[in-house]
Amino acid sequence: DGELNEAKSILEKLVSTLDRKLINARNVIQLNLFRNSVASCLTVTLEARCNQIYYEYVVDNVTQRHVDKYARECMKLQERILSLNQRTSKYYLLDAVLHFHFGDIGKAKFCVKKALSLSPENSAAPYFSAAFLDLWQERYDRALTYYLKAEKCTDYTLNVILSVIIFLQS
C-alpha cells in the first residue's frame with residue numbers, strides 16, 4: 001500500500017510536469033512519447049491500488065452499503081484512469097461492478113457494452129457481466145445468449161467461472 005501510494009505520488013507529479021511542458025512545447029514527439037509512457041505507468045499503479053481496495057473490501061460485499069467508502073475510492077481511481085485516456089475492457093468491467101454496487105444498472109450496462117467493444121474477440125468476462133445484468137433484470141433469454149457466447153471463448157476457464165461464483169456469493 002505504501003509503495004503504491006509513493007509510486008502514485010511520483011508518477012502524478014511527473015505527468016503534471018510533463019503536461020505543463022507539453023503546453024509550451026511544439027512538435028516534441030519524444031516528450032509526448034515519454035509522457036504517454038509515464039501515464040501508462042501511472043495507470044498500472046492506479047489499477048493496482050484500485051484492485052487492492054476492490055478485492056480486499058468490495059468483492060465479497062458488493063451489494064452491501066457498508067463498503068460504499070471503498071467503492072467510492074475505487075470509482076475515484078477509475079475516474080483518474082479515464083482522465084489519462086487509458087480505457088480498457090478491464091477498466092469498464094470494474095466500472096460496471098461499481099455502478100451496480102450503487103444501484104445504477106443503466107450505467108453498469110453501458111460499461112459492459114463498452115467492455116464488449118474493447119475486449120479481445122474471445123474474452124468471456126464481458127459476456128459473463130452482460131449475462132449477470134440481464135439475469136438481474138429478469139431477461140433470461142438474453143442472459144442465456146451471453147452465457148452461450150462466453151462458453152465459446154478461449155479464456156472460458158475455471159478461473160473465470162470461480163470469479164463469477166465468488167461475485168454471486170457476495
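Which residue forms a salt bridge with K109, and how far apart are the closest N and O atoms? In this predicted model, the partner is D134, and the closest N and O atoms of the pair are 2.7 Å apart. Because D134 lies in helix α6 and K109 in helix α5, the pair ties together parts that are 25 residues apart in sequence. Both D134 and K109 are buried, and for D134 the relative accessible area is 0%.

The side chain of D134 also meets that of R142 in a salt bridge, with 3.6 Å from N to O. R142, at 38% relative accessibility, counts as partly exposed, because the partly exposed class lies between the limit of under 20% for buried residues and that of over 50% for exposed ones. K109, D134 and R142 are thus linked in a network of salt bridges.

To place this network, it helps to consider the chain as a whole. The chain has eight helices and zero strands, and the pattern read along the sequence is accordingly α-α-α-α-α-α-α-α. Of the 170 residues in the chain, 38% are buried. Among the contacts with a separation of 6 or more, 63% are accounted for by residues 24 or more positions apart.

Helix α5, to which K109 belongs, can be followed in some detail. The helix comprises 14 residues, 105-118, and at 1.5 Å a residue it should span 20 Å; the end C-alpha atoms are 20 Å apart, which agrees with that expectation. Its buried residues are I105, A108, K109, C111, V112 and A115. These residues cover an arc of only 160 degrees around the axis, which puts them on the same side of α5. On the other side of the helix, K113 and S117 are exposed. What covers the buried residues of α5 includes α4 (89-101), α6 (125-136) and α7 (140-151). The salt bridge from K109 to D134 therefore joins α5 to α6, and α6 is one of the helices that cover the buried residues of α5.

The nonpolar interior comes next. In soluble globular proteins, nonpolar side chains tend to be buried together. Here the largest nonpolar core has 44 residues, of which Y54 and L133 touch the most other members. The elements that give two or more residues to this core are α1 (2-24), α2 (29-58), α3 (68-83), α4, α5, α6 and α7. With nine residues, α2 gives the most to this core.

Helix α2 also takes part in a salt bridge, one of the six that a search of the whole structure finds. R49 forms this salt bridge with E73, and the closest N and O atoms are 3.7 Å apart. The pair links distant parts of the chain, since R49 is in helix α2 and E73 is in helix α3, 24 residues apart. The two partners fall into separate accessibility classes: R49, at 16% relative accessibility, counts as buried, whereas E73 is partly exposed, with a relative accessible area of 31%.

Aromatic side chains supply further links between helices. The structure holds eight aromatic pairs. In one of them, F100 and W136 are arranged edge-to-face, with 4.8 Å centre to centre and 80 degrees between the planes. This pair links distant parts of the chain, with F100 in helix α4 and W136 in helix α6, 36 residues apart. F100 is buried, with a relative accessible area of 7%, while W136, at 49% relative accessibility, counts as partly exposed. Another aromatic pair, F128 and Y147, is also edge-to-face, at 5.8 Å centre to centre and 65 degrees between the planes. F128 is in helix α6 and Y147 in helix α7, so that this pair too links distant parts of the chain, 19 residues apart. F128 counts as buried at 10% relative accessibility, and Y147 counts as partly exposed at 26%. F100 and W136 belong, together with F132, to one aromatic cluster.

Helix α6 recurs through this account. The helix holds D134, the partner of K109 in α5, and it also holds W136, which pairs with F100 of α4, and F128, which pairs with Y147 of α7. Helices α4, α6 and α7 are, in turn, included in what covers the buried residues of α5.

Key
Residues numbered from 1 in each chain as written. Predicted model: local features only at pLDDT ≥ 70, side-chain atom pairs only at ≥ 80, totals over all residues. Heavy atoms only, no water. Helix = DSSP H or I, 4+ residues; strand = E, 2+ residues; numbered from the N terminus. Expected span 1.5 Å × (residues − 1). Buried < 20%, exposed > 50% of the residue type's maximum accessible area, 1.4 Å probe, protein only. Arc of directions from axis to C-beta. Contact = heavy atoms within 4.5 Å. Core = buried A, V, L, I, M, F, W, Y, C linked by side-chain atoms within 4.5 Å. Salt bridge = Lys/Arg side-chain N within 4 Å of Asp/Glu carboxyl O. Phe/Tyr/Trp six-rings, centres within 6.5 Å; stacked < 30°, edge-to-face > 60°.
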